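Morning, everyone. Please pull up the structure on your screens. I'll take the sheet, then the helices.

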Amino acid sequence: MERRMEAVSAIEAVFATEPARRLAKSLFDQQMWCFGCDVRLAKPHALLEWGFERHEPPSGSTAPSHYRWEGDVGRVGLWGFGVWFAQPSWGSLLLKRGPFVPRFSAGSQLSTNVWAATELTGFRHPKTADERQTLGRLLSSLANWMADYERWVRARYGMAYRNRAVDDWSEKRSDCVPTERMTELWDALCAGDANRFVL
């Protein structure tokens with residue numbers, strides 16, 4: 001019986017090197033910082049203007065609010081600890097801050113009553129070639145969504161606004177991604193273009 005060859009997605013090729021994995025982590029951590037800055041804008045802040053819905057924690061909880069967005073490209077859940085992205089026909093991924101390790105779930109629904117990373121269960125490393133390819137498609141779609149969001153922020157609030165957020169981040173981190181490269185790197189990740197996914 002002929003052995004089935006496993007397809008390697010373009011996304012997997014991007015992460016073939018340790019520098020690329022470090023860059024992905026830096027880009028994602030910085031993007032999360034920028035989302036936090038966008039929440040602190042005058043009301044309605046950027047996430048609400050983009051179309052997110054804010055979900056407040058139960059009375060007495062010390063957890064921060066989280067945000068949900070839904071559009072043609074999928075569903076996004078955003079917390080301080082990470083991002084959930086779902087496409088109903090594919091499933092979903094969970095990407096937490098820290099090591100850049102997307103986790104997969106075949107489900108595409110998620111309760112709005114989630115306040116901590118420990119409450120998100122059922123996400124795991126993909127087990128089959130099909131699941132790896134699906135996770136790659138989900139990650140590519142999320143990267144495309146991130147790039148579109150960043151383009152919109154710059155058009156709506158100006159490059160100087162995003163530069164200030166990134167400058168503040170650079171005071172805390174040595175691995176800061178230049179503002180002008182953020183969208184380009186998300187686009188490269190979306191396309192699985194390992195040659196462009198470099199600083």
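**Sheet and helices**

Start with one pair of residues: E70 stands opposite R75 in β3. Before I go on, remember that this is a predicted model.

E70 sits in β2, residues 66-71, and the partner strand β3 covers residues 74-79. These two strands pair in the antiparallel sense, over five bridges. How many residues lie between β2 and β3 in their hairpin? Two.

Now the other partner of β2. Strand β1, residues 53-55, pairs with β2 over three bridges, again antiparallel. Here E53 stands opposite R68 in β2.

Go to the far end. Strand β5, residues 91-96, pairs with β6 in the antiparallel sense over three bridges. S92 stands opposite S105 in β6.

Put that together. The sheet is open and has six strands, in the order β1-β2-β3-β4-β5-β6, with antiparallel pairing. Which strands stand at the edges? β1 and β6, the latter at 103-105. Each has a single partner strand, so one side of each is left without a neighbour in the sheet. On average, neighbouring strands are turned by 20 degrees against each other, ignoring direction. As a reminder, strands of a sheet pair through backbone hydrogen bonds, either parallel or antiparallel.

On to the helices. Helix α2 spans residues 18-39. Which strands does α2 lie across? β2, β3, β4 and β5, with β4 at 82-87. The helix runs at about 95 degrees to β4.

Stay on α2 for a salt bridge. R22 forms one with E18, and the closest N and O atoms are 4.0 Å apart. Those two residues are four apart in α2, so about one helical turn separates them. Searching the whole structure gives 15 salt bridges.

Next, helix against helix. We describe two packed helices by the angle between their axes and the distance between the axes.

First up, α2 and α6. Helix α6 is residues 179-191, and the two axes come within 11 Å, crossing at roughly 120 degrees. That makes α2 and α6 oblique to each other. Their crossing is left-handed. From α2, the contact uses L23, L27, F28, Q30, Q31 and C34; from α6, it uses M182, L185 and W186. By class, that is seven nonpolar residues, two polar and no charged ones.

Then α2 and α4. Their axes come within 12 Å and cross at roughly 45 degrees. So α2 and α4 are oblique too. Again the crossing is left-handed. On the α2 side, the contact has F28, Q31, F35 and D38; they meet W145, M146, Y149, E150 and V153 in α4. The residues divide into six nonpolar, one polar and two charged. Note that F28 and Q31 appear in the α2 lists for α6 and for α4.

Last pair: α4, residues 129-157, and α5, residues 159-170. How do their axes cross? At roughly 115 degrees, coming within 6 Å. Helix α4 brings Y149, E150, V153, R154 and Y157, and α5 brings M159, Y161 and R162. Count by class: five nonpolar, no polar, three charged. Y149, E150 and V153 of α4 also took part in the contact with α2.

That's my tour. Over to you for questions.

Definitions and conventions:
Residues numbered from 1 in each chain as written. Predicted model: local features only at pLDDT ≥ 70, side-chain atom pairs only at ≥ 80, totals over all residues. Heavy atoms only, no water. Pairing = 2+ DSSP bridges. Axes fitted to C-alpha atoms, helices over the stretch in contact; angles between N-to-C directions. Parallel < 35°, antiparallel > 145°, perpendicular 65-115°, else oblique. Left-handed = near helix turned anticlockwise from the far one by under 90°. Contact = heavy atoms within 4.5 Å. Nonpolar A, V, L, I, M, F, W, Y, C, P; charged D, E, K, R; others polar. Salt bridge = Lys/Arg side-chain N within 4 Å of Asp/Glu carboxyl O.
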